[in-house]
Structures are given as C-alpha cells and as structure tokens.
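I set out to read this structure for the first time and to record what I looked up. The entries below follow the order of my reading.

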Amino acid sequence: MAVGAARFEEWFTSAQATRVMVAACRAAGLDCRDAELIRLGENALFRLASVPVVVRVARGEEWLRTARNEVAVSRWLAKEGFPAARIVEDLEQPLLAEGHPVTFWHLIEEGDRKATYGELGGILRDLHSLTLPAGLELPSFDPFGKQDLRLERAVIPEDDRVFLRKRWRELRDKFKELRFETPKGPVHGDAHVQNLMVDDQDQVVLIDFEAFCFDHPEWDLMVTAVEHHSLGWQTDEQYSEFVGAYGRDLYDWHGYETLRGLQEFGMTTWLMQNVQEDERTAAEYRRRIVGLRNDDGPRDWRPW
C-alpha cells in the first residue's frame with residue numbers, strides 16, 4: 001500500500017521522519033497524537049501514545065525489500081516461538097508513505113534491567129541453530145549494500161568522502177579474499193547487545209531485523225568481538241560471558257582483522273548519516289573518522 005508521492009531527499013531528518021509517520025498512521029487508522037521519537041538511526045522509531053505500538057520509518061523506498069524481509073522474519077520467529085519483536089498482524093505490512101517503507105510493531109514493555117552479554121551469546125547460539133522454512137528467501141550478508149547511498153548523501157567534508165570511498169574499495173578487496181569454514185544459516189546481521197530488550201516479564205527479546213540474512217554466523221559474532229577487542233566497550237568478564245554462552249571467540253579466527261575493518265567502517269558511516277541532527281552526533285562522527293584514518297591508533301569511540 002502506498003501513500004503519497006515518492007520523494008528522495010539528500011538526507012533523512014527527524015522532521016522528515018515525523019511527517020512520514022503521521023501520513024502512515026493516518027493511512028493505517030492509528031492516532032499519532034503525542035507520538036514520541038525514540039530513536040533516529042538507520043530508521044526512525046516512534047512510540048505511539050494512543051496504543052502500544054512502535055512505528056518504524058525507513059530512509060527511502062530503496063529499503064522496501066528490506067522492510068518486507070523484516071515482516072517475514074518476524075512472522076517466522078513468532079511461529080518458532082522465538083523471543084523476538086512482533087509485528088502488528090492486523091495492519092498491512094509494510095506500508096509505503098511518501099516514498100518511505102513503514103512498519104508497525106507491538107511495543108515491548110521494558111523491565112527494570114538491561115540484557116547481559118551472556119544473554120546475547122545465548123540468544124545468538126539459539127538463533128543460529130534454527131532452520132529456515134521453505135519459502136523464506138533471505139539475502140546474503142552485504143557489508144557494502146548501504147555504503148554507496150550513505151557516502152553519496154551524507155553532509156560531511158569532501159576530503160572525508162574521498163577517504164571513505166578509498167577505504168571502501170580497500171575493504172572490498174579484502175572481503176573478496178575472506179574464506180569461511182562454517183555452514184550458512186539465519187543471521188541477525190546487527191547483533192549488538194542494544195538489539196536485545198528485557199521485557200517486564202524478564203524475558204530477553206531480540207529486535208531489529210533489518211539486516212537479517214542467510215549467511216555465516218561470523219557476521220553476528222564480529223560485532224561484540226570488535227566492540228571488546230578494538231573499542232574496549234565491555235569488561236573482560238562481560239566478554240567472557242558472551243564467549244562462554246555462544247562457545248566461540250571470533251578474535252582467534254584468521255578473518256577477524258578483515259571483519260574488524262568492515263565493522264568499524266559500518267559503525268562510522270551509520271553515524272555519519274545523522275551529523276546534521278546535533279553537535280553531539282557530529283562530534284562523535286569526527287572522533288570515529290579520526291580513528292579510521294589511523295588503523296593502529298587507539299579507539300576512543302563512544303557507544304551510540
């Protein structure tokens with residue numbers, strides 16, 4: 001279902017996302033008064049005040065196929081009884097509003113604690129053990145799929161753009177040489193601990209299926225491995241809990257350095273998309289681009 005004419009902006013702002021959310025809710029018959037923007041990242045997430053629903057607005061029509069995959073993955077995981085975010089089933093999904101795919105999700109009522117790294121390792125172990133059903137076609141993991149649009153549209157200095165395009169080409173060459181020994185299976189694609197929520201029944205719930213794919217499990221392990229070994233975002237104890245629950249430390253794998261480069265590049269260009277929102281975001285982007293320019297230097301990046 002499409003609402004309004006498609007528009008392709010040079011960047012995606014919170015104001016633009018709000019306009020799209022209003023149009024989508026109107027089409028879906030939902031009251032969006034007093035809706036709250038809870039996150040602007042790869043997507044914009046709004047919490048409705050009228051009903052326990054989260055509205056997810058993607059950056060442009062080019063992400064329509066991705067949104068369809070998210071809906072299909074949510075339905076499959078629900079049938080499996082896997083603890084994961086659930087779409088609102090009685091609404092058409094996804095809805096295209098003003099050129100932006102929009103999906104509607106049941107609000108997860110949060111408990112009073114955050115998920116642990118041990119719980120992240122355990123839920124990834126369980127996810128990777130699942131078998132995709134016939135008819136669910138998922139893409140391979142593509143660490144480069146969004147980068148061209150990000151580099152084209154981002155409001156950054158031109159010398160940064162030149163450097164990032166050069167680094168992108170270097171990473172593509174390294175990626176071509178990467179060899180995996182593990183079988184392919186369901187992969188979350190963005191498996192950091194912030195993509196786990198603990199609900200008010202103390203159940204750990206997996207969220208955000210935008211990068212969900214069928215590929216090697218290393219793509220899920222690289223996120224926490226890089227956050228620990230390169231960025232120092234977890235204590236040794238926290239990382240040991242993650243490794244113990246999953247059963248593997250990716251740092252020991254020959255392809256770790258390549259995946260580290262890909263992960264840090266993606267973390268930088270993801271944040272780069274929102275530098276026009278506020279100075280805090282712009283400052284963190286500058287911190288990360290400095291780090292990318294010095295492979296062996298310290299990473300004083302901050303979690304976002």
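**Cavities, pocket and overall form**

I began with enclosed spaces and counted two cavities of 30 Å³ or more. The model I am reading is predicted.

Entry on the second largest cavity. I looked up its volume and found about 30 Å³ of space. Which residues line the second largest cavity? I listed N43, A58, W63, T66, A67, E70 and E210. I then sorted this lining by class and noted three nonpolar, two polar and two charged residues.

Entry on the second largest pocket. I recorded a volume of about 260 Å³ for the second largest pocket. Its lining consists of R39, L40, W270, L271, N274, E277, D278, R280, T281, P303 and W304. I asked which helices and strands each supply at least two residues of this lining. I found that β2 (36-40), α8 (256-272) and α9 (279-292) do so. By class, I noted five nonpolar, two polar and four charged residues in the lining of this pocket.

Entry on G29. I next turned to G29, which I located in the loop between α1 (14-28) and β2. Is G29 buried or exposed? I looked up a relative accessible area of 63% for G29. Exposed means over 50%, so G29 counts as exposed. I also looked up the separation of G29 from R39, a residue of the pocket lining. The two residues are 10 positions apart along the chain, and I found 23 Å between their C-alpha atoms.

Entry on the whole chain. For secondary structure, I counted nine helices and 10 strands in the protein chain. I noted that the C-alpha atoms fill a box of roughly 50 × 45 × 40 Å along the principal axes. What radius of gyration does the protein chain have? I found 19 Å, which agrees with the value near 19 Å for a compact globule, because that is what 304 residues would give.

Entry on burial, contacts and surface. I recorded that 55% of the 304 residues in the protein chain are buried. Among contacts with a separation of 6 or more, I found that 71% join residues 24 or more positions apart. Finally, I looked up the accessible surface of the protein chain, which comes to about 14,400 Å². Of this surface, I noted that 49% belongs to carbon and sulfur atoms.

Conventions
Residues are numbered from 1 along each chain as its sequence is written. This is a predicted model: local features need pLDDT of at least 70, side-chain atom pairs count only at pLDDT 80 or more; totals for chains, interfaces and linings use all residues. Side-chain values use heavy atoms; hydrogens and water are left out. On a 1 Å grid over the protein atoms alone, a cavity is a set of points where a 1.4 Å probe fits but cannot get out, and a pocket is an open set with protein on both sides within 12 Å along at least five of seven lines; lining residues have an atom within 4 Å of a point. Grid points are joined across faces, edges and corners, and a volume is the space filled by probe spheres set on the points. Helices (H or I, at least four residues) and strands (E, at least two) are DSSP runs, numbered from the N terminus. Ala, Val, Leu, Ile, Met, Phe, Trp, Tyr, Cys and Pro count as nonpolar, Asp, Glu, Lys and Arg as charged, and the others, Gly among them, as polar. The radius of gyration is taken over C-alpha atoms; the globule rule is 2.2 Å times the number of residues to the power 0.38. Buried means under 20% relative accessible area, exposed over 50%, partly exposed in between (1.4 Å probe, protein chains only). Contact means heavy atoms within 4.5 Å. Accessible areas come from the Shrake-Rupley method with a 1.4 Å probe; for residues, only the protein chains shown count as cover.
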